[in-house]
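Trainee: Could you take me through one helix of this model in detail, along with the salt bridges? I'd like the whole picture in one go.

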Amino acid sequence: FPPCTPYGVQLLLDTTGTDVAGQNVVVVGASNIVGKPMALMLLQREATVTLCHAKTRDLAQHTILADILIVAAGKPGLIVPQMVKQGAIVIDVGINRLPDGKIVGDVDFEGVKEKASWITPVPGGVGPMTVTMLIENTLRSAERALRMRQTDDYQDWEAPVLKGA
């Protein structure tokens, strides 16, 4: 099953009508949960991917070249307008709670929204997509278990099946 957050980001990109093949995509954040799988999923779709992380020198030098910028670094306000190319698609995966209790992303939404062709808010952007993809993966798993149950191979394999299925 595809990892839920990158899968949700991929679906968001698909809904913009953007073909990522040949696009310059910069992923900021190299976690095993979001950054690395996101980069691999984009590479499978023939995007040109740059993966940046906490030790990347002169981050703006990379982000300003991005047609698509995906930020999952866990640092509030890390990406400011000067770091974003005019017309770029900006996907903010970050979620941070400030000392005053306000929840913000890794991107300065108010400043960057003037430059971006598409931008996701925090909260309410990628988070709900992650939950949606988790539900989709769960349903696919249940369907797969049901199919396995209906084959001869099932006799040696006892999969958990939803009640009533």
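Mentor: Here is a close look at the helix, then at the salt bridges. This is a predicted model, so local features need pLDDT of at least 70 and side-chain atom pairs count only at pLDDT 80 or more, while totals for chains, interfaces and linings use all residues. Residues are numbered from 1 along each chain as its sequence is written, and side-chain values use heavy atoms, with hydrogens and water left out.

Helix α1 covers residues 4-15; helices are DSSP runs of H or I, at least four residues, numbered from the N terminus, and strands are runs of E, at least two. From first C-alpha to last, α1 reaches 17 Å, close to the 16 Å expected at 1.5 Å a residue (that is, 1.5 Å times one less than its number of residues). Nine of its 12 residues are buried, meaning under 20% relative accessible area, with exposed over 50% and partly exposed in between (1.4 Å probe, protein chains only). Among the buried ones are Y7, V9, L12 and L13. Their cover includes α2 (35-44), β3 (68-71), β4 (89-92) and α5 (126-149). After α1 comes G17, with a positive phi near 80 degrees.

Now D14: its side chain meets that of R45 in a salt bridge, 2.5 Å from N to O (the definition is a Lys or Arg side-chain nitrogen within 4 Å of an Asp or Glu carboxyl oxygen). The pair links distant parts of the chain, since R45 sits in the loop between α2 and β2 (48-52), 31 residues apart from D14. D14 is partly exposed at 34%, and R45 is partly exposed at 34%. The whole structure has four salt bridges, including R140 with E136 at 3.0 Å, both in helix α5 and four residues apart.

Note on methods:
Contact = heavy atoms within 4.5 Å.
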